[in-house]
Amino acid sequence: MYYTQILKSDKSIIGLVPAIVSLVLFGCAGALFGMGIGLKVLGAVLLIYSVFGFIAAYRTNNLGYKISALYMFTFGLYLNTVYWNEFGPGDKIVKTPEARFLFVFIILFLVWLVYLLVTKRIKWRGREIMALAANEIEPAENTYTDRPRPVRKLEFGKEHLQNFADFLKKYLVALPFYERDRILFLPVKMGFEYPYLFGSNLNYWEKTWVAFDYDGTVTAHISQQDYLDYKENLSFDPLCASLGELYIEFFEKFQKGEEVRIIDKMNSVKIGFFS
Amino acid sequence: MITEFKKIQLIGAYLAKEYAPDLLRLLYLYKDISASEAASRLSLHIRTVQEFLEALHAVGIVQKEEVFEKKRPYFRYTLQQEKIVCEMDIAALADTKPGESDNELVIRERKNANVRFTTARNNLYFSSVSIWIGEGRERSEKKVSLTSAQGKFLFNLPFPDAKFATIEEIMQKAGIPEEHRSEIIDIADLLIEHGVIEAMKSVSG
């Protein structure tokens, strides 16, 4: 239904950096000090990663992040409770009773994690949002401007908006940033979530966002980086309006208790798990 | 009575000088006086006194007469009026008086305008606009701080590919009271002049 080809293909490897770093550290420690130390280093790295996972889980309340953090935590503990049998007979990895206990949880969390991955419950929906916003927008040259665009005015209660923000972050549709008079919803693209989650000085108002003022005004802003991520230069005014209207549509569906329709609409955009 | 702004500016600048009361007193007491005489009387540099008297002559407070008593001709100055009266109409300084906008003009942001808008934190308007002026090494940034009405107006300015709108329509959309019209027109004129805003006459007129 939607033209996902409107976005450039995702070739970023930023999302793989943590995995690459942990493997490099594991390889270096294993090569220099032996496999036993390598496993301990990998375990320590996973425990550190799990801390970030718990921070992400706290910030988003997303089930995927919770399970991911628990998986890394148990795996990290597991690697620190097993022994490497370099010269002796039998298995190379010697499991203690604690390790056997943890192993059960590792498998449980892994299966759960794969399920959440396949069902896109642990996927940031930034690319889907940008693809949906660009639906039926005509190409046009030299129309970009860095200004936010007022979309329209709505009537809603502050509490409704806060519940909506909780929903969007839980399902990774957007990360809300709370200001005194408004909430900004930032669509985050998969692989680019780290500065949003862990950055202390993120200039979030320079990113792409849709802001809902408590007085009802809705405003949209698209960053130049996101604009250039489209294959073609699109007519900017209708694109900004479309992005704002998309969030308004989500908000109206949320108010009617049709949250599942929001997720359905996201899933109608055919984008891979890791993009 | 002095009513011309330039003349008021000139006389104002010289009346602000520390020595102005003394020189005016001399002009009042003497039937006529030369710059040299006044300078020696007040221990001032002759050039300073000359400039002061020439300024008074330019606005018509003193009359000067060229005399040839000494080796070289020189001027003697005579006070023409005992009171200095100025009247300034501030409204005349504004190109457009409040309420007199060009309602036929429709505007929007120009494509590729060399401009950067800075948003006021926690507010839905701009706090300043930076315009790049000139080319190459001569290029410089002109930053204009905006009033909140101007900031709201520019926040609601149509995008480069959006439909043109009149100043009136934009003000209505932004919820700007009519009393701010003149400052809105002023910033719009400035940005039109610097190529940030594209303006054209409305077809419907």
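Biologist: Let me start with one side chain: what is the relative accessible area of Arg116(B), and how should I read it?

Modeller: Happy to help! Keep in mind that this is a predicted model. The general idea is a scale with two cut-offs: buried is under 20% relative accessible area, exposed is over 50%, and partly exposed falls in between. Arg116(B) has 38%, so this residue is partly exposed.

Biologist: Which residue does Arg116(B) meet in a salt bridge?

Modeller: Its partner is Glu141(B), with an N to O distance of 3.2 Å. Arg116(B) belongs to strand β5 (residues 115-119) of chain B and Glu141(B) to strand β7 (residues 140-145) of chain B, so the salt bridge ties together parts that are 25 residues apart in sequence. Glu141(B) is also partly exposed, at 35%.

Biologist: Which side chain meets Glu198(B) in a salt bridge?

Modeller: That is Arg108(B), again at 3.2 Å from N to O. This pair links distant parts of the chain, with Arg108(B) in strand β4 (residues 105-109) of chain B and Glu198(B) in strand β9 (residues 197-201) of chain B, 90 residues apart.

Biologist: Why does Arg108(B) count as buried?

Modeller: Apply the cut-off from before: Arg108(B) has 15% relative accessibility, so this residue counts as buried. Glu198(B), at 22%, counts as partly exposed.

Biologist: Moving to chain A, what does Glu245(A) form a salt bridge with?

Modeller: With Arg152(A), where the closest N and O atoms are 3.0 Å apart. Here a helix is linked to a strand: Glu245(A) sits in helix α9 (residues 236-255) of chain A, while Arg152(A) sits in strand β3 (residues 149-153) of chain A, 93 residues away in the chain. Both ends are partly exposed, Glu245(A) at 31% and Arg152(A) at 34%.

Biologist: Which residues of chain A are linked in a network of salt bridges?

Modeller: Look for Arg127(A), Lys189(A), Asp226(A) and Asp229(A). Over all chains, the structure holds 24 salt bridges.

Biologist: Now the whole chains. How many helices and strands are there in chain A, and how many in chain B?

Modeller: Chain A has ten helices and seven strands. Chain B has seven helices and nine strands.

Biologist: What radius of gyration does chain B have, and what would I set beside it?

Modeller: The usual yardstick is a compact globule: one of 205 residues would have a radius of gyration near 17 Å, but chain B has 26 Å. You can also look at the span of the C-alpha trace along the principal axes, about 75 × 40 × 35 Å for chain B and about 70 × 40 × 35 Å for chain A.

Biologist: What share of each chain is buried?

Modeller: In chain A, 50% of the 275 residues count as buried; in chain B, the share is 37% of 205 residues. For surface make-up, carbon and sulfur atoms supply 62% of about 13,600 Å² in chain A and 47% of about 12,500 Å² in chain B.

Biologist: And what share of contacts joins residues at least 24 apart?

Modeller: Take contacts between residues at least 6 apart in sequence. In chain A, 71% of these join residues at least 24 apart, and in chain B, 55% do.

Biologist: Last one: how far apart are the centres of the positive and negative side chains in chain B?

Modeller: They lie 6 Å apart, for 28 positive and 31 negative side chains. In chain A, the mean positions of 30 positive and 28 negative charges are 6 Å apart.

Definitions and conventions. Residues numbered from 1 in each chain as written. Chains lettered and ligands numbered in written order. Predicted model: local features only at pLDDT ≥ 70, side-chain atom pairs only at ≥ 80, totals over all residues. Heavy atoms only, no water. Helix = DSSP H or I, 4+ residues; strand = E, 2+ residues; numbered from the N terminus. Rg over C-alpha atoms; globule rule 2.2 N^0.38 Å. Buried < 20%, exposed > 50% of the residue type's maximum accessible area, 1.4 Å probe, protein only. Contact = heavy atoms within 4.5 Å. Areas by Shrake-Rupley, 256 points an atom, 1.4 Å probe, with all protein chains shown as cover. Lys, Arg positive; Asp, Glu negative; His and termini not counted. Charge placed at Lys NZ, Arg CZ, Asp CG, Glu CD. Salt bridge = Lys/Arg side-chain N within 4 Å of Asp/Glu carboxyl O.
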